[in-house]
Amino acid sequence: MKILYINPARLESGMDAIITGAPLSLISIAGMVPEHDAKLFDFKVDKYREKKFRSELNRYDTVAITSMTSQVYSALEVAKMAKDQGCNTIIGGYHPTLVPEFVADHDYVDFTVRGEGEHTFKEIIDYLDGNKNKISIKDIDGISYKNKEGKIIHNSERALEHNLDNFPMPRRDLLKGKLYTYLGTTTRQVETSRGCPHNCKFCCIIKMWRNSNGGTTYRTKSISRIMREIYDVDWKNDFIFFCEDNFTINVKRTHKILDTIIKSGVNTKMRFSCQSRVDTLYNNPVLINKLYKANFRQVFLGIESVHQQSLDAMNKRNTTPAMVRSVVKSLRDKGISIFGGVIIGFPGETKRMVRQNIQNTINLDLDCVQFTPITAFPGTPFYDEMKEKGRITASNYKFYDLFHPMMRTEELTSKDFLQLVAEAYAAFYLKGWIIRRAKEYLNPFGKFNWMLGSLGRLVKQGIIGGLGMLYSQGITTKVISDELKNKVELMKDIDISYAAFKSIASQNDKKIKTFSQEKMEVVSEQT
Ligand code: B12
Ligand code: SF4
């Protein structure tokens with residue numbers, strides 16, 4: 001069978017302007033059916049011409065499409081084109097998992113895949129390929145589809161694979177010749193674990209990797225498997241990005257991975273980046289030194305808010321703004337650049353509080369920041385809560401791209417959100433950010449001199465692409481409010497000093513102890 005794997009549509013706004021990540025989802029499921037012809041078409045990096053694309057579809061029996069929420073219309077459009085050309089159509093990923101009935105309702109989608117894709121995909125392909133193992137569609141767990149009467153059927157949940165090492169290696173050969181970049185550097189992704197034991201209010205990871213009781217799961221690959229994956233990557237790239245949401249969940253395991261990287265000498269040939277959490281790095285400062293030694297030079301951190309009330313309410317009560325400041329300083333002192341995620345307008349935050357959050361982010365002097373209007377992804381309890389309160393303002397999934405507002409809060413209207421996101425980007429990026437970064441990155445003796453080799457791409461993608469995106473959205477310095485301009489007055493009631501931290505930390509002690517992870521299940525931890 002000939003299978004075309006498709007990563008649909010590049011988004012016009014948000015991170016797509018500065019980052020193009022390889023679709024690890026598609027190359028992972030492709031690894032399950034190596035006997036079939038495979039090609040990857042990635043709208044983010046491949047040139048799209050409708051006529052040529054349609055004739056390309058003609059050559060394939062089946063298309064396998066991945067979709068996040070904001071990509072779903074484009075995924076459906078591609079599925080329709082493929083059906084017109086007579087292909088079987090399969091869609092999986094975040095949106096099909098979170099809201100399967102929305103995807104399955106379209107007649108041109110044959111299979112909507114919920115949750116972990118590997119086993120389900122293999123069974124669908126076997127089924128389509130002449131029903132080799134005499135599988136009936138009813139027996140394929142983890143799919144939703146329309147029956148002959150047009151009724152949507154949701155088959156049973158797909159059980160999670162117990163041991164992630166059992167999955168074949170991702171088909172990295174399908175990425176050959178494709179250029180994926182992360183803030184100017186060329187990057188390939190490696191996944192070392194799935195799931196997360198935390199429970200941040202706004203996150204949809206829990207639903208994606210839940211067990212059959214609906215509880216959170218966390219599974220890891222063994223160190224030897226991780227090293228195999230590292231060696232499998234095309235080393236012409238500048239970076240390997242450990243792409244799971246939280247690479248450092250299990251500190252002991254993280255140490256083991258880093259020690260192995262250092263011992264193998266891979267760190268002298270390749271740089272690494274990962275996503276982590278402030279509380280983990282704060283409580284384990286040795287980890288920062290080891291990350292540096294292992295040649296980690298970029299870390300993504302969820303900074304979220306300078307307001308403890310928001311951190312508490314979003315289930316990040318183990319983090320304080322003072323801890324954020326301390327971790328940011330430790331990482332940057334080492335020459336590790338930080339990409340921060342900041343939430344604009346968590347419920348309870350007034351316009352003034354949001355502006356304080358923006359100013360605090362500027363003061364932190366992060367390398368790069370994504371300002372996200374608080375977003376409730378459909379299919380999560382947070383979304384249901386906001387819907388019940390009448391707070392959802394956008395039903396068009398296009399706006400669930402972490403750039404546009406999709407909801408309002410008691411304190412802020414959609415218009416306020418648009419204004420505050422625009423102010424945040426303008427104040428952070430358009431007021432001296434280029435000069436500050438240039439001073440650091442262009443210094444051949446400085447801590448960030450490792451950026452020198454990537455400067456051409458950084459200027460093209462990060463600066464021209466990123467700033468171009470902002471201007472195309474009407475974001476200029478004119479949008480910055482007087483309240484945000486008046487820094488001293490704005491920040492006078494914000495105290496992120498050590499003393500304030502101590503008092504908050506002791507208040508939080510009790511909460512930390514009661515922080516419940518009872519629903520979390522470590523399905524398997526390979527070492
Ligand atoms: C790495 C990453 C990125 C990278 C690369 C993404 C890419 N597609 O190449 C970058 C940084 C570019 C990125 C950007 C964005 N991201 Co992102 N990203 C991730 C992250 C951390 C890991 C993704 C990954 O590779 N996982 C490993 C693979 C193996 O897992 P998987 O993708 O889930 O695939 C499995 C199943 O979903 C399923 N499956 C998936 N597709 C298909 C298709 C078929 C046919 C089948 C059968 C099965 C199947 O099978 C796979 C194997 O089990 C996830 C969070 C996470 N932990 O997954 C967020 C996440 C997916 N991103 C998210 C978002 C919102 C975005 C942005 C919109 C942010 C922004 N403001 O710009 C953009 C969108 C960019 C775009 N157009 O693709 C959200 C999506 C939420 C949602 N409901 O849509 C997530 C969940 C983060 C979060 N916690 O909220 N992202
Ligand atoms: S730590 Fe990250 S992945 Fe885990 S629940 Fe919070 S936001 Fe989601």
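**Two open sheets and two ligands in a predicted model**

Let me begin with the sheet in which eight strands are arranged in the order 2-9-10-13-14-15-16-17, an open sheet with mixed pairing, where strands are DSSP runs of E of at least two residues, helices are runs of H or I of at least four, both numbered from the N terminus, and two strands pair if DSSP finds at least two bridges between them. Strand 2 (19-20) and strand 17 (368-373) stand at its edges with a single partner strand each, so one side of each is left without a neighbour in the sheet.

Before going on, I should say that this is a predicted model, in which local features need pLDDT of at least 70 and side-chain atom pairs count only at pLDDT 80 or more, while totals for chains, interfaces and linings use all residues. Residues are numbered from 1 along each chain as its sequence is written, chains are lettered from A and ligands numbered from 1 in the order in which they are written, and side-chain values use heavy atoms, with hydrogens and water left out.

Within this sheet, strand 14 and strand 15 pair in the parallel sense over five bridges, and Ser276 has Leu301 of strand 15 as its bridge partner. Helix 13 (residues 321-334) lies across strand 15 and strand 16 (337-344), and runs at about 165 degrees to strand 15; contact here means heavy atoms within 4.5 Å, and axes are lines fitted to C-alpha atoms, for helices over the stretch in contact, with angles from 0 to 180 degrees between N-to-C directions. Strand 15 (residues 296-304) also contains Glu304, a residue other than glycine whose phi is positive, near 65 degrees. Is Glu304 buried or exposed? Glu304 is buried, at a relative accessible area of 7%, where buried means under 20% relative accessible area, exposed over 50%, and partly exposed in between, with a 1.4 Å probe and protein chains only.

Turning to helix 8 (residues 223-232), its buried residues are Ile223, Arg225, Ile226, Met227, Glu229 and Ile230, and what covers them includes strand 10 (185-190), strand 13 (239-242), helix 9 (251-264) and strand 14 (271-276).

The other sheet I want to show is an open one of seven strands in the order 3-1-4-5-6-7-8, again with mixed pairing. Strand 3 (37-42) and strand 8 (152-154) are at the edges, each with a single partner strand, so one side of each is left without a neighbour in the sheet. From one strand to the next, the twist averages 20 degrees. Strand 6 (residues 111-113) pairs with strand 7 (residues 143-146) in the antiparallel sense over two bridges, and Thr112 stands opposite Ser144 in strand 7.

Now to the ligands. Of the 47 residues around ligand 1, those that come nearest are Thr66, Glu118, Asp245, Gln370 and Asp401, where a residue is near a molecule or strand if one of its heavy atoms lies within 4 Å of it. Helix 1 provides the largest share of this shell, four residues. Oxygen atoms of ligand 1 lie 2.8 Å from a polar backbone atom of Gly21 and 3.0 Å from a polar backbone atom of Gly117.

Which residues surround ligand 2? They are Cys196, His198, Asn199, Cys200, Phe202, Cys203, Ile205, Asp245 and Arg277.

How values were computed: Polar contact = N/O pair within 3.5 Å; in protein donor to acceptor, adjacent residues only side chain to side chain.
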